Amino acid sequence: DSVGIRTFLTVTTFDTSYQSRIIGGSTRQLIGKDEGIEARAIFQFSGIPTNASSAIIDTAILRFPITYRFKDSTGEFGLHIGRMLRSWTKDSLNWDSTNVSSLIDTTNGNTFLKDIKKEDSTLEISVDAIIKKWFQDTLKLISPYGIVLIPTSTSKIILGCSAIYVSSTDSRPELYISYRDTSNTRSTLTLKPFQQVFVADGVIPTTTDSLFYLQAGIAYRGKLKFDLSSIPKQSSITAATLQLSLEKNQSVRNAYTSNSFIAHLDLEGTSPPKLSSLTATGSFASDTTTTLSLDVKTLVQQLVSKRVPNNGFILRAGNEFISVDRYAFYSNVASDSTLRPQLKITYTILP
């Protein structure tokens, strides 16, 4: 008797995209609008004086260092700047929350418009209307719950800045306030946000069924299922590669794209799926290649051994929380069968 080594190649029997909202903090703040994608940013600061209701605001500027751009490096950038009307946490806000008038007021804030150029490194956004209200609220009915930035309909670029302090570089946004009291004594404040979050939304392009999409930032994830019933339960998986082909014309990437991807197992087959903590990762070999390969050996072993029911793989962009890249992959009904998602498995069966 000897160990049998066998190879199994199969094409996905099912693939689709589904939406999974990004909720919670991110290491990058995104704000802007382009390619049908819109990102809104919210910041909250502490340290606003509570005893300066008669102060005169000379300057109130939100400084936004630019460390990320999507899709082009130039474009019109317009904002409605409003204020948050009640308390919130980064884990409680989502896209729908920012459309509720009882949470956000954009009628008494500032507006901002700038034609972004390649050399621009920092935005200086006037927020004096909001800060004046915070200072003048003697009854504390208008608490400084935060500032919200909502792109205008004419915006054509998405910008980002760091949301965390990294080493000696601090690219977080900051609020600069210069004011005078009744004796004309000048004071200044430079505040960093203690809480910040971005939320995004967008529409997946309408195309034929030959494509499914992954979209960072919003986010759209992919679900793929393969028939593994012909592989014996007692098999030992020695190799398993999930391969997908990218359709470049419907994908939107740029110089900030990481091109990394993460695969999970769908544990319960529910909607939305419950993801496994066990993952597999992969990336394009280069920025010009269109074939994505992921080593899913450990995931396939779970499915073949029946430790996890075969509800399929969930695939998401690795930069899901820090970008708005879009990836279009050929589906199981692509006219060219060589472009369809494939799973190649090598396994052994002990004698």
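**Figure 1. Glu-268 is partly exposed in this predicted model, at 46% relative accessibility.** Its side chain meets that of Lys-274 in a salt bridge, 3.6 Å from N to O. Lys-274 is partly exposed too, at 45% relative accessibility. Elsewhere, salt bridges that share partners form one network. Its members are Arg-63, Glu-124, Asp-170, Arg-172, Glu-174 and Lys-192. The whole structure holds 17 salt bridges.

**Figure 2. A salt bridge links Asp-266 and Lys-223.** The N to O distance is 2.8 Å. Asp-266 sits in the loop between strand 18 and strand 19, and Lys-223 sits in strand 16, so the pair ties together parts that are 43 residues apart in sequence. Both residues are buried.

**Figure 3. A cis peptide bond joins Phe-70 to Lys-71.** Omega is about 0° here. Most peptide bonds are trans. Lys-71 belongs to the loop between strand 6 (68-70) and strand 7 (75-84). Lys-71 also forms a salt bridge with Asp-72. The closest N and O atoms of that pair are 4.0 Å apart. Lys-71 counts as partly exposed, with 32% relative accessibility. Asp-72 is partly exposed as well, its relative accessible area being 41%.

**Figure 4. The peptide bond from Ile-218 to Ala-219 is cis.** Its omega is near 10°. Ala-219 lies in the loop between strand 15 (211-215) and strand 16 (220-225).

**Figure 5. Asn-184 has a positive phi.** The angle is about 70°, although the residue is not a glycine. Most residues other than glycine have a negative phi. The loop that holds Asn-184 runs between strand 12 (174-180) and strand 13 (186-191).

**Figure 6. Helix 2 packs its buried residues against five strands, namely strand 17 (236-245), strand 18 (260-265), strand 19 (280-284), strand 21 and strand 23 (342-349).** The buried residues of the helix are Leu-299, Val-300, Gln-301, Leu-303 and Val-304. An α-helix has 3.6 residues a turn, so residues three or four places apart point the same way.

**Figure 7. Lys-306 takes a positive phi just after helix 2.** Phi is near 65°, and the residue is not a glycine. Lys-306 is found in the loop between helix 2 (297-304) and strand 21 (313-317). Is this lysine buried or exposed? Lys-306 is exposed, because its relative accessible area is 53%, over the 50% cut-off.

How values were computed
Residues numbered from 1 in each chain as written. Predicted model: local features only at pLDDT ≥ 70, side-chain atom pairs only at ≥ 80, totals over all residues. Heavy atoms only, no water. Helix = DSSP H or I, 4+ residues; strand = E, 2+ residues; numbered from the N terminus. Buried < 20%, exposed > 50% of the residue type's maximum accessible area, 1.4 Å probe, protein only. Contact = heavy atoms within 4.5 Å.
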